Amino acid sequence: MIAVAQHNEIESVGTTHGEIADNPSVSAVSARLVPQTELKECGERLRSGGLVAFPTETVYGLGCNALDPEAITKVFEAKERPLTDPLITHVTDPNIAFGLWDAVDKAKNTASPEAEALRALCECFWPGPLTLVARAAPKVPPILMAGTGFCACRSPGHPLSIALIDAAGVPIAAPSANKFGHVSPTRSSHVWDDLKHEDVWIVEEEPSRGHETEADAKAETNCCKVGVESSVAKVEMIGETKTTGRVTLLRQGAVSLKDIVDCLKKAGLAEVFEVVAMTKKATKDTVANVAPGQTIRHYSPDIPSFILSLSLCEALVEPSSDEDRELLGRSVLIDFGGRLRAWKPFSLAYRDLSPTRDSSEATQGVFEALRWAERIEGASQILFPEISGEAEQDNALALALKDRLTRAASGVVVDSLGEGMNRYTKSNQANTKDRQTNLARPSPTKNYKMTGLLRFVARPFGSLSTRTAHPNKLLPSATTASASWSQRWMSSDENTALRNIGISAHIDSGKTTLTERILYYTGKINSIHDVRGKDGVGAKMDSMELEREKGITIQSAATFCQWDDAHINIIDTPGHVDFTVEVERALRVLDGGVLVLCGVSGVQSQSLTVDRQMKRYNVPRLAFVNKLDRQGASPDNVIGQLRDQLKLNAAAVQIPIGLEGAHEGVVDLIEERSIQFDGEKGENIKYGDVPEDMVDEVEEKRMELLERLADVDDEIAEFFLMEEFPDNETLKAAIRRRTISCEFVPVFMGSAFKNKGVQPLLDGVIDYLPEPKEKKNYALDVTKDEEPVEVTCDKNDSLLALAFKLDETRFGQLTYMRIYQGTLKKGNHIINVNDGKKIKLARIVRMHSDDMEEIDEAGAGEVVAMFGVDCKSMDTFSCGSTDLVMASMFVPEPVMSLSLKPKKSTMQNQLGKALNKFTKEDPTLRVKVDEDTQETIISGMGELHLEVYIERLNREYDVECITGAPNVNYKETINKQQKFDWIHKKQTGGSGQYARVMGYIEPLSEEEQKEIKSTTHFDNQCIGTNIPPEFYSSCEKGMMDAILEGALVGSEVEGMRVVLQDGAAHAVDSSDMAFRTCMANAIRDTMKKANPSILEPVMRVEVEIPSEFQGTVVAALNRRMGMIQSSDVNDDGSGITILAEVPLSNMFGYSTELRSLTQGKGEFSMEYFKHIQVPRNTQDELMKKYREEKEQEEAA
């Protein structure tokens, strides 16, 4: 038995070697690291049909028995390699290779020129980095040759590979040991990263030793001394008489064209064979190749790569625009000979393959450098210089380096940064077919029609086993459930029994309590637990420890359940305004919602926010009036608030039987029957007649329901006018129609905590909320100026799915996906429409809070999650045959900021890593580094929002932080019209800079801002060509530069219109940069004269307190410059709700003060209302503070 060796160098996304050792139950990782001492066992494994990865002098190879079609099939499966790419056979004895070549086999007794050439080349270069290709002998399996009839062989020179081949006793077919098209591996850790989920043994290059630092790891000697794949030369006789021959260099490696010519001259064959380099273009993956490594994109990292042209490299200067600086800040530079050194300070990361332009040194490290670059956090692209000058015909490694980098970048050479890259990106987005064939890594599931090839494969490649990306916690009946779900969802009428709903409400209205009961009654959980975790378990949907401690929902959580014959996907969302983006992203992808309202408090501040979000995405909803067991509950008041405050056409479909302590159940107004809930947990439902004392009330409420429906439904209006009551089916159908059209809201009632009213609500979800096909969803056609196109919700159409939520788990990124049309299948490939990346679906799961259930496929209308998909929130995925993209969601701007730094400077990298993951999950969390102070600033939706992330840094990443006083996001504006006439003139020798702009700035009213949907406006009123039209956009960019920093406190400027009326230009000295600079300086100067003022954010605050604390709480709000809007007393007089508008700068620390003033009984919530002008004394204080900070910075 081979022992699994420790390998401390491995640092890959997903499950690491250490995690496997710690968790024997993890079965996702199948690979083994094998020490060199076990080569004998590795040889036995190869003979028996297994796979072994081993080092050669070029790169690591993935070996199998070259004469075993079953074993070769495993290589194609493990690498996800197309059948059109042949394999190279490795031997130690040239005579074995001669037995695989038809020309040599026939010529055992006759010295043919072809046989002599092959023998001469073997003697010159074997063992070594040259592969020879010749027509194959009949015994060679066709799958080895990709059906071409040519067999490729080489004899490696690495001592380990020689020993392994001898131990196996058979020729070994060995392509590079990586996923097809990815960067080739030169270390065992590289192989592990790509193939750890495959049944592969990986021979370590040397006994493992731990690395204390990354520098130590990099310093480790690369066992693959050449560092790039072998040269490949094809030997063949040509012409009708076959008397002359040709040697074609198909792939460049360490052996050059000149080396081959010299060898044939030495053997006396130079007159018979011409030696040429292949000049045909690189092939697509659908075209069979005689040699491997010929596809247009190969050796490529997981992020886009670009070659910078010779002209760009030779004229390399400091980036001149903000766009270029921003792009370089997301770029990794891989240099050669210091050509890109001028951009090093502006790049995200930099590495020079060889400062001295030594090709041998560069090829040894090129693949390691590409793998290093793709792993860097925040990297968007890799840039490297075009290699030409040193690439003479006799410099084999320079040519090899150029070939590998060219294919890594798909041959794309750009002459400028942003423009060249954007043009390339847009062209690929516009042509999906080209992206599939040119950029995507080929799929092994394609149906290649090649005679005599597939019959050697044990099973068709369409049914290849797929790897599981990460371990999971399976539900007890996961296997059975997965099958039944798959059968149901993919049936011919799969959507008739599917609902996608979200449960949303104000904080502490009982959302999570309601979800807990839904899961219990549908059989998803076996017992009901306390939301605040007092029972030591906590609610199922609050899986985060912080959620259970605080008793609130922080992150939205997804689950699924079954009610009767219907399946329901549920997302439980937070109620606190600080986490409103979780509600936003859920409602963006759901078909229906349940708005939960407190029976005592009714419509509260976050209820208003949720209502706006539901209306923004046209989400049909039910309302559930909860907590009817509490003192002061009044469902009639709540319905009145739904109508008055939310402007909803709402009516009850139930009324309660008793309130407060006497609450026993509900009366169904449609069926005219009572529903009561018995049993310890309300699981036994009893139906009965309407209580006698409620008959009149039921009749009144039925007529009210009919009247409300009649206002929006013509069929019901006829019944109402005829003073008739429709039958139950007609009434239900009308409620369903108008609920789906968002014209009516049916109101259900109960007490989730007391286990009453939940089951009828589930019936209402099925009866009244839409199926996926009934909810209209639209995509945008990128080829038609983003014209809206209705999606079909048909599982047989082209795939269209939206990634709406990301979670960083210890097993990697978990991506939540809503499928709008088409089907996701495990093992298939999908394309990220936003960045063009092609991704294999290794694993699809259904989420049940933090548990998951694996499935093989999911159809249109479903909400699922996937591991191993690297993307951003709101990215669209397709199968590559559509030009549609889903619209994103609304993301509110942050209102509060904190400065942040780790207590230990050694944790700075860990802090950056954590914040990068947090911002990927949550688009309302913003992170920036102050350019002057170099402080890390985090901005969010409120005090609690930032507090939670600081706590998560400590708990999840062991980073304890020091926080500074929160900064309010002030803005600036102007208050009068002011003209400008500005000249920008600069002469430094040669072409200078000249521009003149004339016009005025003026205030922009709130009404105008709403009309144009922008807080600033650029109005071009130029007549004539004093300013050439090509510079109009430069002037607008200058305006955008100027408004980023106002004249008073350096805040962003809003509420301003800039009117450009005239100007002047110079035939030579005017440029884009000149006009941009001129306009920016003109506006900055003019704003100072336009009576500028500072705006501060004002929050709408809702405070709920016992009535005895009213005086002290109102006084405290007044001290904080709050404007009291209303003060409503509960019906029983026990509590009071205060609505106020308070400047955000005065709200810091209010939660602590409120708890102190009300003995811990008070609660408050707030949401952003608007920006208003600060008082004059406050403005003076802010300006003084800003000047002092600037002076201190300048002095420092």
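Accessible areas were computed by the Shrake-Rupley method with a 1.4 Å probe. On that basis, the protein exposes about 49200 Å². Carbon and sulfur atoms supply 47% of this area. The model is a predicted one.

The protein has 1196 residues, and 58% of them are buried. Its secondary structure comprises 35 helices and 55 strands. Contacts often span long stretches of sequence. Among those between residues at least 6 apart, 72% join residues at least 24 apart.

Ser 1165 provides a local example of such contacts. This residue lies in strand β55, which covers residues 1163–1173. Its relative accessibility is 5%, so Ser 1165 counts as buried, the cut-off being under 20%. Neighbours within four places in sequence aside, Ser 1165 is in contact with His 506, Ser 605, Arg 1100, Val 1101 and Glu 1102. Glu 1102 is 63 residues away from Ser 1165 in sequence. In space, the C-alpha atoms of Ser 1165 and Glu 1102 are 5.4 Å apart.

Leu 721 presents the opposite case: its relative accessibility is 71%, and Leu 721 therefore counts as exposed, the cut-off being over 50%. Leu 721 belongs to helix α25, which runs over residues 714–721. Together with Met 703 and Phe 720, Leu 721 makes a nonpolar patch on the surface. The area of this patch is about 290 Å².

Definitions and conventions:
Residues are numbered from 1 along each chain as its sequence is written. This is a predicted model: local features need pLDDT of at least 70, side-chain atom pairs count only at pLDDT 80 or more; totals for chains, interfaces and linings use all residues. Side-chain values use heavy atoms; hydrogens and water are left out. Patches are made of residues with over 30% relative accessible area and no salt bridge: like charges are joined within 9 Å, nonpolar side chains (Val, Leu, Ile, Met, Phe, Trp, Tyr) within 5 Å. A salt bridge is a side-chain nitrogen of Lys or Arg within 4 Å of a carboxyl oxygen of Asp or Glu. Helices (H or I, at least four residues) and strands (E, at least two) are DSSP runs, numbered from the N terminus. Buried means under 20% relative accessible area, exposed over 50%, partly exposed in between (1.4 Å probe, protein chains only). Contact means heavy atoms within 4.5 Å.
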